[in-house]
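Hi,

Here is the structure we talked about, with my notes underneath. Have a look at it first and then read on.

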Amino acid sequence: MDKLFSDSINNNNKKNSLLLCCLVIPLIEFQLFSFLFCFLPFFQDFFTMGKRSSQRKNAAMLDSDETSSFSSSSSTAQSDMLMCSGEEVQIDKETFLDQCLDSLYEKRGSTREKALTSMIEAFNSIVHHEYVEKKFATLLDRCLNSIKKGTSKEIALASRFIGLLALTTGCGDRAREILEELVCPISEAIKSPVDSLKIQALVDCLAIITFVGGEAPEETNKSMELMWQVIHPKLGPNVSSAKPSSPIITAVVSAWSLLITSMDGWKLDSKCLQECIAHFSTLLDKDDRSVRIAVGEALALIAELGMLENIADEANKSSDIYIDEGKKSRELAHLHGLRSKVLNQVRSLSIEAGGKGSAKKDLNSQRNTFQNVQEFLEYGCSPQTSMKIGGDSLETTTWSELIQLKFIKRFLGGGFVKHMQENEFLQDVFSFTPKKQMFPGAVRRITQTEKRLCKSPNSVLNKARTRYLNQQRMLSQDRDVGHYTAGGGDEA
């Protein structure tokens, strides 16, 4: 009887144990599954890391989530220090530019466009003299390839970078090489003014490389003729062409004016100059105020350089026996009439009333510009301007200086101040010498762009920093495990 009772109790215990297992095991499996599900993205990234890295090897610096691992040792002397949330993040800019340069060999156009965009940002924010010294030939070759074979967007980006490259090299053999290599490709690319942004970028590029590298008058004349053909082409009979847009006209007139400022000791052909002035007079009647302002500044510059007087003097001093006095008188009368017409247009635009829908800012800018032009044409008073570069002042006292400043400032955008502080070529152009120089070893203040890069959770810097901290955390945990293991062995 006791045996039967004992067997019954054992059977009940077994049943209870089985029932407990049936309840507990699913619960454990559920918790384990939930745990693994939470860490699934981590394991996916871990196992696909190598695959993504191999697929995006050539464009890692542009659109990849993977970056080179950070070592716990100190960086090389080539790395710049950036302060991000109290921690120092090291960037090897030369390696980054090398990666961008390698991406310009890629077949995919979008990859080349991203590389050019990154290089423009890099050269716009810092003057990379040393890098250009090492990689000049490759940089020029890749940009030439983009202009010859790229899309409109790639051509525009390559043109902008070439302008930055010319400003970085400054005057000399390399600037001349850029001009010689680019004139023909630009003249071909500029013939079809379909894409406004592309044409503007090409015109700006041609202006910069000629301004920096053009030493002979013939070189500057050739570039100015190419620009002029864009807005005033010489067409044969029964031949029509699309009229250039206002942004293209503004870009061409501004670029043409920049090159006029470099015409020391020589002048344009008188017939060509009269043709330009006559066309400028027609452009003053256009509705677009940016066109009017650019044309007004060009006319003031022509007057400042004494070109109108030179035309009149040439007409009076002409000793050609085949030109009678009557023809000379008609030419002089035409010139004086053209000048009077332009002066009346300038006076009218300096007091123009705002029409319906007109932007007040543009109207005020037009009035101020043409008031200055009028004062100069009538009284010879040049506008004087001053702007702060760091703690120093950059001043202009002539129309030539003002036009140069406006063009270079617009071209460089946010990088203008940095280039004025470090670019010796631009300092020579504007006779500007920064009084306050950064002392060796001083900590550089980071720019707003660099701050945004640091703050963004998806930025390359933050991802690299996170990976570095994770590595340090894992190493610390390994050291702790080793310490406790060694301690346990001693106690045993």
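**What I found**

Let's begin with Glu 297: at 10% relative accessibility, this residue counts as buried, since the cut-off is under 20%. Before going further, please keep in mind that this is a predicted model.

Glu 297 sits in helix α13, which covers residues 289–304. What does Glu 297 touch, once its neighbours within four places in sequence are set aside? The contacts are Thr 369, Trp 399, Ile 403 and Lys 406.

**The second largest pocket**

Glu 297 turns up again here. Of the 29 residues that line the second largest pocket, Glu 297 is one of those nearest its centre, along with Ile 293, Ser 365, Thr 369 and Lys 406. So two of the names from the contact list, Thr 369 and Lys 406, come back as residues nearest the pocket centre. The elements giving two or more residues to this lining are α11 (246–260), α13, α16 (360–379), β3 (385–389) and α17 (399–412). Which of them gives the most? That would be α17, with eight residues.

The pocket has a volume of about 790 Å³. Its lining is a mix by class: 12 nonpolar, 11 polar and six charged residues. As for where it is, domain 1 (97–234 + 242–262) and domain 2 (264–319 + 328–381) both give residues to the lining, so the pocket lies between them.

**The largest nonpolar core**

This core has 103 residues, and the ones touching the most other members are Ile 178, Leu 182, Ile 209, Val 253, Phe 280, Leu 394 and Phe 416. Helix α9 (residues 196–213) supplies the largest share, 10 residues. Domain 1 and domain 2 both give residues to the core, so it too lies between them.

If you want one residue to click on, try Leu 394. Not counting residues up to four places away in sequence, Leu 394 touches Thr 385, Ser 386, Met 387, Ile 389, Leu 405, Phe 416, Met 420, Phe 430 and Phe 432. Phe 416 is on that list, and it is also among the core residues that touch the most other members.

**Cavities**

How many cavities of 30 Å³ or more does the structure hold? There are two. The largest has about 110 Å³ of space. Its lining is made up of Ile 277, Leu 299, Ile 302, Leu 308, Leu 338, Arg 339, Val 342, Leu 343 and Leu 377. By class, that comes to eight nonpolar, no polar and one charged. Helix α13, the one that holds Glu 297, and α15 (325–350) each supply at least two of the lining residues. The largest share, four residues, comes from α15.

**Helix α4**

Last stop: two residues in helix α4 (residues 93–103), namely Leu 97 and Ser 103. Leu 97 has 2% relative accessibility and counts as buried. Leaving aside neighbours within four places in sequence, Leu 97 is in contact with Ala 122, Phe 123, His 128 and Tyr 131. Leu 97 and Ala 122 are 25 residues apart along the chain, with 8.1 Å between their C-alpha atoms.

Is Ser 103 buried or exposed? Buried, with a relative accessible area of 0%. Its C-alpha atom is separated by 9.9 Å from that of Arg 142, 39 residues away along the chain.

Cheers

Key. Residues are numbered from 1 along each chain as its sequence is written. This is a predicted model: local features need pLDDT of at least 70, side-chain atom pairs count only at pLDDT 80 or more; totals for chains, interfaces and linings use all residues. Side-chain values use heavy atoms; hydrogens and water are left out. A nonpolar core is a set of buried Ala, Val, Leu, Ile, Met, Phe, Trp, Tyr and Cys residues joined through side-chain atoms within 4.5 Å. Buried means under 20% relative accessible area, exposed over 50%, partly exposed in between (1.4 Å probe, protein chains only). Domain bounds come from an automatic or database domain assignment. Contact means heavy atoms within 4.5 Å. On a 1 Å grid over the protein atoms alone, a cavity is a set of points where a 1.4 Å probe fits but cannot get out, and a pocket is an open set with protein on both sides within 12 Å along at least five of seven lines; lining residues have an atom within 4 Å of a point. Grid points are joined across faces, edges and corners, and a volume is the space filled by probe spheres set on the points. Ala, Val, Leu, Ile, Met, Phe, Trp, Tyr, Cys and Pro count as nonpolar, Asp, Glu, Lys and Arg as charged, and the others, Gly among them, as polar.
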